[in-house]
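Please open the structure in a viewer and keep the selection panel at hand. The stops below proceed from whole chains to a single residue.

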Amino acid sequence: MIQMKNVYKKYPNGIVALNGMNVEIKQGEFVYIVGPSGAGKSTFIKMMYREESPTSGQMLVNGVDLAKIKRKNVPLLRRQIGVVFQDFKLLPRLNVYENVAFALEVIEEKPEAIRKRVLEVLDLVGLKHKARMFPRELSGGEQQRISVARSIVNTPKVVIADEPTGNLDPETSWDIMNLFERINASGTTILMATHNREIVNTMRHRVIAIEGGLIARDEVGGDYGYEG
Amino acid sequence: MPGMKLEVTTAMKARTLTRHFRESLKSLGRNGWMTFASVSAVTVTLLLVGVFVLIMMNLNKVADDLENDVEIKSFVSLEADEARVTEMETAIKSMSGVESVNYSTKEEELSDLVLDFGKEFSLFEQNNPLLDVFYVKATEPQQTENVAKEISQLEGIEKVKYGEGKIEKLFTFLNTGRNVGLVLILALLFTAMFLISNTIRITIVARRHEIEIMKLVGATNWFVRIPFILEGMWLGLLGSILPIGLIIALYYNVTEFAQPKLSGEMIQLLDFAPFIYQVSALILLMGVFIGIWGSFMSIRKFLRV
Ligand SMILES: Nc1ncnc2c1ncn2[C@@H]1O[C@H](COP(=O)(O)OP(=O)(O)OP(=O)(O)O)[C@@H](O)[C@H]1O
Ligand SMILES: [Mg+2]
(Lines give C-alpha, C1' and ligand atoms only; values in the text may rest on other atoms or scores of the structure.)
(Ligands and ions follow the chains in the order given, each with its own letter.)
Protein backbone atom coordinates (compact mmCIF):
# COMPACT_ATOMS: atom_id res chain seq x y z
CA MET A 1 0.00 0.00 0.00
CA ILE A 2 2.66 2.50 1.02
CA GLN A 3 6.29 1.94 0.17
CA MET A 4 9.27 4.24 0.74
CA LYS A 5 12.66 3.47 -0.70
CA ASN A 6 15.62 5.56 0.42
CA VAL A 7 13.47 8.62 0.82
CA TYR A 8 15.53 11.67 1.58
CA LYS A 9 14.09 15.11 2.25
CA LYS A 10 15.99 18.32 2.50
CA TYR A 11 13.91 21.46 3.01
CA PRO A 12 14.89 24.59 1.08
CA ASN A 13 16.35 26.05 4.27
CA GLY A 14 18.88 23.22 4.39
CA ILE A 15 17.30 21.13 7.14
CA VAL A 16 17.39 17.41 6.38
CA ALA A 17 14.10 16.07 7.79
CA LEU A 18 14.25 12.54 6.35
CA ASN A 19 17.59 10.88 5.90
CA GLY A 20 16.97 7.78 3.76
CA MET A 21 13.73 6.15 4.90
CA ASN A 22 12.82 2.58 3.97
CA VAL A 23 9.42 1.39 5.02
CA GLU A 24 6.49 -0.65 3.82
CA ILE A 25 2.97 -0.42 5.15
CA LYS A 26 0.33 -2.90 4.04
CA GLN A 27 -3.36 -2.32 3.41
CA GLY A 28 -5.34 -2.63 6.62
CA GLU A 29 -2.45 -2.01 9.00
CA PHE A 30 -2.64 0.27 12.00
CA VAL A 31 0.67 2.08 12.51
CA TYR A 32 1.80 4.53 15.17
CA ILE A 33 4.59 6.93 14.25
CA VAL A 34 6.42 8.04 17.39
CA GLY A 35 9.54 9.98 18.09
CA PRO A 36 10.72 13.25 19.60
CA SER A 37 9.58 16.62 18.38
CA GLY A 38 11.35 17.62 15.19
CA ALA A 39 12.26 14.01 14.39
CA GLY A 40 10.51 14.14 11.01
CA LYS A 41 7.13 12.53 11.73
CA SER A 42 5.06 15.24 10.05
CA THR A 43 7.44 15.35 7.11
CA PHE A 44 7.09 11.58 6.73
CA ILE A 45 3.32 11.93 6.72
CA LYS A 46 3.27 14.88 4.31
CA MET A 47 5.04 12.75 1.71
CA MET A 48 2.05 10.40 1.50
CA TYR A 49 -0.42 12.90 0.07
CA ARG A 50 2.26 14.91 -1.65
CA GLU A 51 2.18 18.05 0.42
CA GLU A 52 5.94 17.61 0.27
CA SER A 53 7.92 15.69 -2.33
CA PRO A 54 11.07 13.66 -1.66
CA THR A 55 14.36 15.28 -2.62
CA SER A 56 15.46 11.83 -3.69
CA GLY A 57 14.23 8.26 -3.31
CA GLN A 58 11.08 6.51 -4.38
CA MET A 59 7.56 6.61 -2.95
CA LEU A 60 4.78 4.26 -3.96
CA VAL A 61 1.21 4.70 -2.79
CA ASN A 62 -1.22 2.00 -3.91
CA GLY A 63 1.26 0.92 -6.52
CA VAL A 64 1.55 4.40 -8.02
CA ASP A 65 4.94 6.09 -8.12
CA LEU A 66 4.37 9.55 -6.68
CA ALA A 67 7.25 10.98 -8.67
CA LYS A 68 5.44 10.02 -11.85
CA ILE A 69 1.91 11.26 -11.30
CA LYS A 70 1.01 14.39 -13.15
CA ARG A 71 0.31 17.52 -11.19
CA LYS A 72 -3.29 17.59 -12.34
CA ASN A 73 -3.85 14.07 -11.02
CA VAL A 74 -2.59 14.80 -7.52
CA PRO A 75 -6.15 15.60 -6.32
CA LEU A 76 -7.13 12.01 -7.08
CA LEU A 77 -4.34 10.73 -4.88
CA ARG A 78 -5.45 13.03 -2.08
CA ARG A 79 -9.06 11.88 -2.30
CA GLN A 80 -7.98 8.34 -1.47
CA ILE A 81 -6.22 9.48 1.67
CA GLY A 82 -8.01 11.06 4.59
CA VAL A 83 -5.72 13.42 6.49
CA VAL A 84 -6.06 14.79 10.01
CA PHE A 85 -3.64 17.69 9.91
CA GLN A 86 -1.56 18.61 12.92
CA ASP A 87 -2.86 22.17 12.53
CA PHE A 88 -6.40 21.01 11.56
CA LYS A 89 -6.54 23.02 8.31
CA LEU A 90 -10.21 23.86 8.54
CA LEU A 91 -11.61 26.40 6.09
CA PRO A 92 -12.21 29.49 8.25
CA ARG A 93 -15.05 30.82 6.14
CA LEU A 94 -17.03 27.62 6.08
CA ASN A 95 -19.03 26.34 9.01
CA VAL A 96 -18.51 22.92 10.55
CA TYR A 97 -21.00 21.19 8.30
CA GLU A 98 -19.58 22.80 5.15
CA ASN A 99 -16.03 21.97 6.14
CA VAL A 100 -16.80 18.28 6.38
CA ALA A 101 -19.03 18.35 3.30
CA PHE A 102 -16.22 19.89 1.26
CA ALA A 103 -14.36 16.57 1.02
CA LEU A 104 -17.48 15.05 -0.54
CA GLU A 105 -18.21 18.01 -2.78
CA VAL A 106 -14.82 17.69 -4.46
CA ILE A 107 -15.69 14.14 -5.47
CA GLU A 108 -19.06 15.39 -6.79
CA GLU A 109 -21.19 13.31 -4.47
CA LYS A 110 -24.99 13.70 -4.59
CA PRO A 111 -26.31 16.40 -2.21
CA GLU A 112 -28.64 14.01 -0.36
CA ALA A 113 -25.80 11.53 0.12
CA ILE A 114 -23.52 14.35 1.31
CA ARG A 115 -26.07 15.51 3.85
CA LYS A 116 -26.64 12.05 5.23
CA ARG A 117 -22.97 11.13 5.44
CA VAL A 118 -21.81 14.45 6.93
CA LEU A 119 -24.37 14.30 9.72
CA GLU A 120 -23.36 10.70 10.33
CA VAL A 121 -19.66 11.47 10.86
CA LEU A 122 -20.41 14.60 12.85
CA ASP A 123 -22.42 12.36 15.13
CA LEU A 124 -19.48 9.95 15.33
CA VAL A 125 -17.15 12.69 16.59
CA GLY A 126 -19.90 14.02 18.85
CA LEU A 127 -20.28 17.44 17.26
CA LYS A 128 -23.52 17.18 15.33
CA HIS A 129 -25.03 19.89 17.52
CA LYS A 130 -22.34 22.37 16.43
CA ALA A 131 -22.81 21.86 12.69
CA ARG A 132 -23.68 25.50 12.06
CA MET A 133 -20.78 26.99 13.98
CA PHE A 134 -17.61 28.34 12.44
CA PRO A 135 -14.12 27.01 13.25
CA ARG A 136 -13.20 30.20 15.16
CA GLU A 137 -16.11 29.52 17.48
CA LEU A 138 -14.79 26.08 18.43
CA SER A 139 -12.21 24.96 20.96
CA GLY A 140 -8.96 23.39 19.75
CA GLY A 141 -10.18 19.93 20.59
CA GLU A 142 -13.45 20.48 18.78
CA GLN A 143 -11.62 21.70 15.70
CA GLN A 144 -9.46 18.61 15.84
CA ARG A 145 -12.53 16.40 15.90
CA ILE A 146 -13.93 18.21 12.86
CA SER A 147 -10.64 17.52 11.12
CA VAL A 148 -11.03 13.84 12.03
CA ALA A 149 -14.61 13.86 10.72
CA ARG A 150 -13.50 15.36 7.42
CA SER A 151 -10.71 12.82 7.04
CA ILE A 152 -13.05 9.85 7.27
CA VAL A 153 -16.13 11.26 5.57
CA ASN A 154 -15.37 9.90 2.09
CA THR A 155 -14.38 6.49 3.47
CA PRO A 156 -10.79 6.64 2.18
CA LYS A 157 -8.49 3.61 1.95
CA VAL A 158 -5.98 5.27 4.25
CA VAL A 159 -6.41 7.68 7.11
CA ILE A 160 -3.29 9.59 8.06
CA ALA A 161 -3.51 11.45 11.34
CA ASP A 162 -0.88 13.81 12.66
CA GLU A 163 -1.36 13.86 16.43
CA PRO A 164 -5.14 13.55 16.24
CA THR A 165 -5.45 13.51 20.03
CA GLY A 166 -2.98 16.31 20.68
CA ASN A 167 -5.61 18.74 21.89
CA LEU A 168 -8.10 16.35 23.39
CA ASP A 169 -8.95 15.48 26.96
CA PRO A 170 -8.32 11.81 27.83
CA GLU A 171 -11.95 10.80 27.47
CA THR A 172 -12.42 12.34 24.01
CA SER A 173 -9.04 10.92 22.99
CA TRP A 174 -10.32 7.45 23.72
CA ASP A 175 -13.48 8.15 21.78
CA ILE A 176 -11.43 9.14 18.73
CA MET A 177 -9.17 6.11 19.14
CA ASN A 178 -12.18 3.81 19.30
CA LEU A 179 -13.41 5.45 16.12
CA PHE A 180 -10.08 4.74 14.42
CA GLU A 181 -10.16 1.15 15.67
CA ARG A 182 -13.59 0.71 14.13
CA ILE A 183 -12.53 2.16 10.78
CA ASN A 184 -9.41 0.03 10.85
CA ALA A 185 -11.49 -3.06 11.56
CA SER A 186 -13.38 -2.39 8.34
CA GLY A 187 -10.13 -2.56 6.39
CA THR A 188 -8.90 1.03 6.36
CA THR A 189 -5.18 1.59 6.82
CA ILE A 190 -4.44 3.94 9.72
CA LEU A 191 -1.22 5.89 10.09
CA MET A 192 -1.00 7.99 13.19
CA ALA A 193 1.76 10.19 14.53
CA THR A 194 1.43 10.60 18.26
CA HIS A 195 3.12 11.60 21.49
CA ASN A 196 0.50 9.81 23.56
CA ARG A 197 2.26 7.04 25.48
CA GLU A 198 -0.87 5.72 27.13
CA ILE A 199 -2.69 5.18 23.87
CA VAL A 200 0.27 3.49 22.18
CA ASN A 201 0.83 1.22 25.15
CA THR A 202 -2.83 0.32 25.55
CA MET A 203 -4.07 -0.16 22.03
CA ARG A 204 -1.17 -2.20 20.76
CA HIS A 205 -0.29 -1.86 17.08
CA ARG A 206 2.79 -1.59 14.91
CA VAL A 207 5.06 1.21 16.15
CA ILE A 208 7.54 3.03 13.93
CA ALA A 209 9.91 5.26 15.87
CA ILE A 210 11.58 8.03 13.93
CA GLU A 211 14.66 9.79 15.21
CA GLY A 212 16.71 12.32 13.32
CA GLY A 213 15.03 11.47 10.04
CA LEU A 214 15.71 7.74 10.32
CA ILE A 215 13.67 4.76 11.46
CA ALA A 216 15.04 3.89 14.86
CA ARG A 217 12.64 1.08 15.65
CA ASP A 218 9.82 -0.76 13.88
CA GLU A 219 7.95 -3.40 15.82
CA VAL A 220 4.50 -4.88 15.60
CA GLY A 221 2.68 -4.58 18.91
CA GLY A 222 5.49 -2.44 20.30
CA ASP A 223 5.23 0.11 23.07
CA TYR A 224 5.78 3.87 23.06
CA GLY A 225 9.31 3.35 24.28
CA TYR A 226 10.40 6.81 25.33
CA GLU A 227 10.68 7.57 28.99
CA GLY A 228 8.84 10.77 29.82
CA MET B 1 -3.56 -4.19 -4.36
CA PRO B 2 -5.65 -2.87 -7.23
CA GLY B 3 -3.86 0.08 -8.83
CA MET B 4 -5.52 3.46 -8.43
CA LYS B 5 -7.19 5.05 -11.37
CA LEU B 6 -5.29 8.30 -11.40
CA GLU B 7 -6.93 10.23 -14.17
CA VAL B 8 -8.85 13.43 -13.52
CA THR B 9 -12.01 13.69 -15.55
CA THR B 10 -12.59 17.20 -16.74
CA ALA B 11 -16.33 16.84 -17.22
CA MET B 12 -18.15 18.46 -14.36
CA LYS B 13 -21.49 17.40 -13.05
CA ALA B 14 -24.32 19.93 -13.21
CA ARG B 15 -24.77 19.77 -9.45
CA THR B 16 -21.15 20.79 -8.99
CA LEU B 17 -21.73 23.85 -11.12
CA THR B 18 -24.78 24.62 -9.00
CA ARG B 19 -22.55 24.24 -5.95
CA HIS B 20 -20.00 26.65 -7.43
CA PHE B 21 -22.71 29.24 -8.10
CA ARG B 22 -23.99 28.90 -4.54
CA GLU B 23 -20.48 29.18 -3.11
CA SER B 24 -19.62 32.23 -5.21
CA LEU B 25 -22.73 34.04 -3.99
CA LYS B 26 -22.07 33.10 -0.37
CA SER B 27 -18.52 34.30 -0.73
CA LEU B 28 -19.70 37.70 -1.97
CA GLY B 29 -21.63 38.11 1.24
CA ARG B 30 -18.91 36.77 3.50
CA ASN B 31 -16.30 39.01 1.88
CA GLY B 32 -18.17 42.09 2.96
CA TRP B 33 -16.28 45.29 2.34
CA MET B 34 -13.90 43.75 -0.21
CA THR B 35 -16.91 43.02 -2.37
CA PHE B 36 -17.96 46.61 -1.91
CA ALA B 37 -14.49 47.92 -2.84
CA SER B 38 -14.30 45.83 -6.00
CA VAL B 39 -17.80 46.72 -7.08
CA SER B 40 -17.06 50.42 -6.54
CA ALA B 41 -13.90 50.19 -8.64
CA VAL B 42 -15.83 48.52 -11.46
CA THR B 43 -18.66 51.04 -11.16
CA VAL B 44 -16.43 54.10 -11.42
CA THR B 45 -14.49 52.81 -14.41
CA LEU B 46 -17.48 51.52 -16.30
CA LEU B 47 -19.23 54.84 -15.78
CA LEU B 48 -16.26 56.69 -17.27
CA VAL B 49 -15.96 54.22 -20.12
CA GLY B 50 -19.69 54.43 -20.76
CA VAL B 51 -19.74 58.22 -20.96
CA PHE B 52 -16.73 58.05 -23.24
CA VAL B 53 -18.38 55.54 -25.52
CA LEU B 54 -21.47 57.76 -25.74
CA ILE B 55 -19.37 60.75 -26.74
CA MET B 56 -17.20 58.81 -29.16
CA MET B 57 -20.05 57.11 -30.93
CA ASN B 58 -21.88 60.40 -31.37
CA LEU B 59 -18.75 62.12 -32.59
CA ASN B 60 -18.44 59.33 -35.08
CA LYS B 61 -22.01 59.86 -36.15
CA VAL B 62 -21.45 63.60 -36.57
CA ALA B 63 -18.36 62.90 -38.66
CA ASP B 64 -20.33 60.56 -40.86
CA ASP B 65 -23.14 63.07 -41.24
CA LEU B 66 -20.67 65.74 -42.24
CA GLU B 67 -18.79 63.50 -44.60
CA ASN B 68 -21.97 62.46 -46.31
CA ASP B 69 -23.04 66.01 -46.64
CA VAL B 70 -20.18 67.09 -48.86
CA GLU B 71 -21.82 68.11 -52.08
CA ILE B 72 -20.33 69.48 -55.25
CA LYS B 73 -22.13 72.59 -56.34
CA SER B 74 -21.70 72.83 -60.10
CA PHE B 75 -22.81 76.11 -61.63
CA VAL B 76 -24.26 75.96 -65.13
CA SER B 77 -23.10 78.80 -67.39
CA LEU B 78 -25.73 81.08 -68.92
CA GLU B 79 -24.87 79.97 -72.45
CA ALA B 80 -25.96 76.39 -71.86
CA ASP B 81 -29.42 75.75 -73.24
CA GLU B 82 -31.96 73.23 -72.03
CA ALA B 83 -30.67 70.48 -74.35
CA ARG B 84 -27.12 71.02 -73.10
CA VAL B 85 -28.34 70.81 -69.48
CA THR B 86 -29.90 67.42 -70.16
CA GLU B 87 -26.71 66.24 -71.84
CA MET B 88 -24.62 67.40 -68.92
CA GLU B 89 -26.90 65.67 -66.43
CA THR B 90 -26.48 62.37 -68.28
CA ALA B 91 -22.74 62.93 -68.49
CA ILE B 92 -22.40 63.58 -64.76
CA LYS B 93 -24.60 60.64 -63.87
CA SER B 94 -22.39 58.31 -65.91
CA MET B 95 -19.21 59.42 -64.16
CA SER B 96 -17.67 56.90 -61.82
CA GLY B 97 -18.00 57.76 -58.14
CA VAL B 98 -21.16 59.80 -58.55
CA GLU B 99 -23.99 58.89 -56.26
CA SER B 100 -26.69 61.41 -57.06
CA VAL B 101 -27.30 64.45 -59.18
CA ASN B 102 -29.92 67.07 -58.43
CA TYR B 103 -30.73 69.90 -60.74
CA SER B 104 -31.87 73.14 -59.28
CA THR B 105 -32.89 76.14 -61.37
CA LYS B 106 -31.80 79.64 -60.45
CA GLU B 107 -35.37 80.40 -59.35
CA GLU B 108 -35.27 77.54 -56.91
CA GLU B 109 -31.86 78.71 -55.72
CA LEU B 110 -33.23 82.16 -55.03
CA SER B 111 -36.22 80.92 -53.10
CA ASP B 112 -33.83 78.82 -50.96
CA LEU B 113 -31.84 81.97 -50.26
CA VAL B 114 -34.98 83.83 -49.31
CA LEU B 115 -35.96 80.99 -47.01
CA ASP B 116 -32.58 80.97 -45.35
CA PHE B 117 -31.76 84.64 -45.16
CA GLY B 118 -35.00 86.54 -45.37
CA LYS B 119 -37.28 88.71 -47.42
CA GLU B 120 -34.56 91.18 -48.45
CA PHE B 121 -33.43 88.73 -51.09
CA SER B 122 -36.81 88.68 -52.79
CA LEU B 123 -35.72 92.01 -54.37
CA PHE B 124 -33.67 89.93 -56.74
CA GLU B 125 -36.74 88.18 -58.05
CA GLN B 126 -37.01 90.77 -60.85
CA ASN B 127 -33.42 90.30 -61.93
CA ASN B 128 -32.08 86.96 -60.68
CA PRO B 129 -28.24 87.08 -60.61
CA LEU B 130 -27.93 83.40 -59.73
CA LEU B 131 -27.06 80.44 -61.94
CA ASP B 132 -28.66 77.06 -62.38
CA VAL B 133 -26.91 74.45 -60.26
CA PHE B 134 -26.22 70.71 -60.30
CA TYR B 135 -25.85 69.31 -56.79
CA VAL B 136 -23.64 66.26 -57.11
CA LYS B 137 -22.88 63.81 -54.35
CA ALA B 138 -19.95 61.41 -54.55
CA THR B 139 -20.38 57.84 -53.39
CA GLU B 140 -17.30 58.16 -51.16
CA PRO B 141 -16.37 61.47 -49.51
CA GLN B 142 -12.77 60.90 -50.56
CA GLN B 143 -13.79 60.89 -54.24
CA THR B 144 -15.35 64.31 -54.04
CA GLU B 145 -12.24 66.03 -55.33
CA ASN B 146 -11.85 63.87 -58.46
CA VAL B 147 -15.50 64.06 -59.36
CA ALA B 148 -15.42 67.83 -58.97
CA LYS B 149 -12.44 68.11 -61.31
CA GLU B 150 -14.13 65.98 -63.93
CA ILE B 151 -17.32 68.03 -63.78
CA SER B 152 -15.45 71.32 -64.08
CA GLN B 153 -14.06 70.15 -67.41
CA LEU B 154 -17.53 69.66 -68.91
CA GLU B 155 -18.55 72.20 -71.48
CA GLY B 156 -21.29 74.41 -70.08
CA ILE B 157 -20.12 74.34 -66.48
CA GLU B 158 -19.14 77.76 -65.27
CA LYS B 159 -17.41 76.60 -62.10
CA VAL B 160 -17.65 74.01 -59.33
CA LYS B 161 -17.50 74.54 -55.59
CA TYR B 162 -17.17 72.15 -52.67
CA GLY B 163 -15.65 72.11 -49.19
CA GLU B 164 -12.13 71.89 -50.63
CA GLY B 165 -9.29 72.49 -48.12
CA LYS B 166 -11.68 72.82 -45.22
CA ILE B 167 -13.10 69.37 -45.84
CA GLU B 168 -9.75 67.64 -45.67
CA LYS B 169 -8.91 69.47 -42.48
CA LEU B 170 -12.24 68.42 -40.99
CA PHE B 171 -11.60 64.81 -41.94
CA THR B 172 -8.16 64.71 -40.36
CA PHE B 173 -9.52 66.45 -37.30
CA LEU B 174 -12.32 63.96 -36.91
CA ASN B 175 -10.03 61.01 -37.51
CA THR B 176 -7.57 62.21 -34.91
CA GLY B 177 -10.45 62.74 -32.54
CA ARG B 178 -11.63 59.21 -33.08
CA ASN B 179 -8.20 57.70 -32.59
CA VAL B 180 -7.51 59.71 -29.46
CA GLY B 181 -10.86 58.60 -28.08
CA LEU B 182 -10.13 54.98 -28.83
CA VAL B 183 -6.76 55.16 -27.11
CA LEU B 184 -8.36 56.84 -24.10
CA ILE B 185 -11.01 54.13 -23.84
CA LEU B 186 -8.39 51.41 -24.07
CA ALA B 187 -6.21 53.12 -21.46
CA LEU B 188 -9.21 53.44 -19.19
CA LEU B 189 -10.12 49.79 -19.60
CA PHE B 190 -6.58 48.76 -18.92
CA THR B 191 -6.46 50.82 -15.73
CA ALA B 192 -9.76 49.34 -14.69
CA MET B 193 -8.53 45.81 -15.15
CA PHE B 194 -5.40 46.57 -13.22
CA LEU B 195 -7.40 48.12 -10.40
CA ILE B 196 -9.88 45.31 -10.23
CA SER B 197 -7.42 42.48 -10.50
CA ASN B 198 -5.50 44.15 -7.71
CA THR B 199 -8.54 44.37 -5.50
CA ILE B 200 -9.38 40.76 -6.21
CA ARG B 201 -5.79 39.79 -5.62
CA ILE B 202 -5.93 41.29 -2.12
CA THR B 203 -8.94 39.14 -1.30
CA ILE B 204 -7.23 36.09 -2.76
CA VAL B 205 -3.97 36.65 -0.94
CA ALA B 206 -6.01 36.69 2.23
CA ARG B 207 -7.48 33.42 1.05
CA ARG B 208 -4.36 31.65 -0.18
CA HIS B 209 -4.38 29.63 3.00
CA GLU B 210 -7.90 28.47 2.13
CA ILE B 211 -6.88 27.61 -1.40
CA GLU B 212 -4.04 25.51 -0.03
CA ILE B 213 -6.40 23.63 2.26
CA MET B 214 -8.87 22.99 -0.55
CA LYS B 215 -6.10 21.53 -2.66
CA LEU B 216 -4.87 19.36 0.21
CA VAL B 217 -8.27 17.78 0.71
CA GLY B 218 -8.45 16.78 -2.93
CA ALA B 219 -9.92 19.71 -4.85
CA THR B 220 -8.81 20.12 -8.46
CA ASN B 221 -7.62 23.48 -9.70
CA TRP B 222 -10.89 24.08 -11.53
CA PHE B 223 -12.90 23.18 -8.44
CA VAL B 224 -11.07 25.92 -6.55
CA ARG B 225 -10.98 28.36 -9.42
CA ILE B 226 -14.56 28.35 -10.68
CA PRO B 227 -16.19 29.85 -7.56
CA PHE B 228 -13.56 32.60 -7.60
CA ILE B 229 -14.17 33.27 -11.27
CA LEU B 230 -17.92 33.32 -10.73
CA GLU B 231 -17.37 35.71 -7.85
CA GLY B 232 -15.42 37.95 -10.23
CA MET B 233 -18.31 37.74 -12.65
CA TRP B 234 -20.80 38.83 -9.97
CA LEU B 235 -18.52 41.74 -9.05
CA GLY B 236 -18.49 42.79 -12.71
CA LEU B 237 -22.26 42.41 -13.02
CA LEU B 238 -22.96 44.33 -9.82
CA GLY B 239 -20.48 46.98 -10.88
CA SER B 240 -22.22 47.52 -14.19
CA ILE B 241 -25.72 48.11 -12.80
CA LEU B 242 -25.23 51.69 -11.66
CA PRO B 243 -23.27 52.82 -14.77
CA ILE B 244 -25.91 51.35 -17.06
CA GLY B 245 -28.70 53.05 -15.15
CA LEU B 246 -26.93 56.39 -15.10
CA ILE B 247 -25.97 56.25 -18.76
CA ILE B 248 -29.49 55.40 -19.85
CA ALA B 249 -30.84 58.29 -17.80
CA LEU B 250 -28.15 60.64 -19.08
CA TYR B 251 -28.62 59.81 -22.72
CA TYR B 252 -32.38 59.90 -22.40
CA ASN B 253 -32.16 63.48 -21.18
CA VAL B 254 -29.56 64.47 -23.78
CA THR B 255 -31.63 63.17 -26.67
CA GLU B 256 -34.84 64.63 -25.24
CA PHE B 257 -33.12 67.99 -25.04
CA ALA B 258 -31.20 67.92 -28.31
CA GLN B 259 -33.48 66.09 -30.71
CA PRO B 260 -36.02 68.94 -31.16
CA LYS B 261 -33.23 71.50 -31.57
CA LEU B 262 -31.52 69.44 -34.24
CA SER B 263 -34.63 68.54 -36.23
CA GLY B 264 -34.08 69.23 -39.89
CA GLU B 265 -30.33 69.78 -39.42
CA MET B 266 -27.83 67.65 -41.23
CA ILE B 267 -26.16 66.71 -37.94
CA GLN B 268 -28.12 64.28 -35.82
CA LEU B 269 -27.37 62.48 -32.54
CA LEU B 270 -27.71 58.73 -32.48
CA ASP B 271 -31.26 57.69 -31.66
CA PHE B 272 -31.89 56.66 -28.05
CA ALA B 273 -32.89 53.13 -29.03
CA PRO B 274 -31.35 50.74 -29.92
CA PHE B 275 -28.05 52.62 -29.42
CA ILE B 276 -28.30 52.97 -25.65
CA TYR B 277 -29.18 49.29 -25.25
CA GLN B 278 -26.15 48.33 -27.28
CA VAL B 279 -23.97 50.52 -25.09
CA SER B 280 -25.58 48.98 -21.99
CA ALA B 281 -24.84 45.49 -23.28
CA LEU B 282 -21.27 46.56 -23.99
CA ILE B 283 -20.85 47.90 -20.45
CA LEU B 284 -22.29 44.71 -19.02
CA LEU B 285 -19.95 42.57 -21.09
CA MET B 286 -16.96 44.70 -20.14
CA GLY B 287 -17.88 44.42 -16.46
CA VAL B 288 -18.20 40.66 -16.65
CA PHE B 289 -15.01 40.35 -18.65
CA ILE B 290 -13.05 42.57 -16.27
CA GLY B 291 -14.32 40.59 -13.28
CA ILE B 292 -13.59 37.18 -14.74
CA TRP B 293 -10.22 38.18 -16.11
CA GLY B 294 -9.23 39.81 -12.83
CA SER B 295 -10.06 36.71 -10.79
CA PHE B 296 -8.46 34.38 -13.25
CA MET B 297 -5.19 36.27 -13.30
CA SER B 298 -5.03 36.72 -9.53
CA ILE B 299 -5.71 33.13 -8.54
CA ARG B 300 -3.25 31.59 -10.99
CA LYS B 301 -0.16 31.56 -8.86
CA PHE B 302 -1.80 30.32 -5.68
CA LEU B 303 -2.93 27.04 -7.15
CA ARG B 304 0.49 25.42 -7.16
CA VAL B 305 -0.03 23.32 -4.02
N1 LIG C 1 8.28 23.55 5.75
C2 LIG C 1 9.47 23.38 6.36
N3 LIG C 1 10.55 24.09 5.96
C4 LIG C 1 11.73 23.91 6.54
N5 LIG C 1 11.98 23.07 7.53
C6 LIG C 1 10.95 22.33 7.98
C7 LIG C 1 9.65 22.45 7.42
N8 LIG C 1 8.83 21.59 8.06
C9 LIG C 1 9.59 20.96 8.98
N10 LIG C 1 10.86 21.40 8.93
C11 LIG C 1 11.96 20.91 9.76
O12 LIG C 1 12.09 19.52 9.56
C13 LIG C 1 12.31 18.85 10.78
C14 LIG C 1 11.24 17.80 11.00
O15 LIG C 1 10.02 18.44 11.20
P16 LIG C 1 8.66 17.66 11.40
O17 LIG C 1 7.56 18.65 11.35
O18 LIG C 1 8.60 16.56 10.42
O19 LIG C 1 8.84 17.11 12.87
P20 LIG C 1 7.83 16.26 13.75
O21 LIG C 1 8.48 14.96 14.03
O22 LIG C 1 6.50 16.24 13.13
O23 LIG C 1 7.76 17.10 15.08
P24 LIG C 1 6.52 17.31 16.09
O25 LIG C 1 6.44 16.11 16.94
O26 LIG C 1 6.91 18.50 16.90
O27 LIG C 1 5.32 17.53 15.28
C28 LIG C 1 12.34 19.92 11.86
O29 LIG C 1 13.69 20.20 12.17
C30 LIG C 1 11.71 21.13 11.22
O31 LIG C 1 12.32 22.31 11.68
MG1 LIG D 1 4.66 17.00 13.55
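Domain bounds, as used here, come from an automatic or database domain assignment. The model on display is a predicted one.

**First stop: chain B and its domains**

Select residues 16-66 together with 169-303 of chain B; these form domain 1 in the assignment. Then colour residues 71-162 of chain B separately, since this range is given as domain 2. How far apart do the C-alpha centres of domain 1 and domain 2 of chain B lie? The separation between the two centres is 51 Å.

**Second stop: chain A as a whole**

Now select chain A and display it as a cartoon. Seven helices and ten strands make up its secondary structure. Along the principal axes, the C-alpha atoms of chain A occupy a box of roughly 45 × 45 × 35 Å. The radius of gyration of chain A is 17 Å, which agrees with the value near 17 Å for a compact globule of 228 residues.

Switch to a surface view of chain A. The accessible surface is about 9,500 Å², and carbon and sulfur atoms contribute 48% of this area. Of the 228 residues in chain A, 57% are buried. Among contacts in chain A with a separation of 6 or more, 68% join residues 24 or more positions apart. If the charged side chains are coloured by sign, chain A shows 31 positive and 27 negative charges, whose mean positions are 8 Å apart.

**Third stop: helix H3 of chain A**

Select residues 96-105 of chain A, which constitute helix H3. Is this helix mostly covered or mostly uncovered? Helix H3 is mostly covered, with ten of its ten residues buried. Among the buried residues are A:Tyr97, A:Phe102 and A:Leu104, and also A:Glu98 and A:Glu105.

Next, add the elements against which the buried residues of H3 pack. Within chain A these are helix H4 (111-124) and helix H5 (140-152). From chain B, add helix H1 (14-30), helix H7 (208-216) and helix H8 (221-262).

**Fourth stop: A:Ile2**

Finally, select A:Ile2, which lies in strand E1 (residues 2-10) of chain A. With a relative accessible area of 1%, A:Ile2 falls under the 20% cut-off and is therefore classed as buried. Show its contact partners beyond four places in sequence, including A:Val23, A:Ile25, A:Met48, A:Met59, A:Val158 and A:Leu191. To end the tour, draw a distance from the C-alpha atom of A:Ile2 to that of A:Ala131: the two residues are 129 residues apart along the chain, and their C-alpha atoms are separated by 34 Å.

Technical notes: Residues are numbered from 1 along each chain as its sequence is written. Chains are lettered from A and ligands numbered from 1 in the order in which they are written. This is a predicted model: local features need pLDDT of at least 70, side-chain atom pairs count only at pLDDT 80 or more; totals for chains, interfaces and linings use all residues. Side-chain values use heavy atoms; hydrogens and water are left out. Helices (H or I, at least four residues) and strands (E, at least two) are DSSP runs, numbered from the N terminus. The radius of gyration is taken over C-alpha atoms; the globule rule is 2.2 Å times the number of residues to the power 0.38. Buried means under 20% relative accessible area, exposed over 50%, partly exposed in between (1.4 Å probe, protein chains only). Contact means heavy atoms within 4.5 Å. Accessible areas come from the Shrake-Rupley method with a 1.4 Å probe; for residues, only the protein chains shown count as cover. Lys and Arg count as positive and Asp and Glu as negative; His and the chain ends are not counted. The place of a charge is taken as NZ of Lys, CZ of Arg, CG of Asp or CD of Glu.
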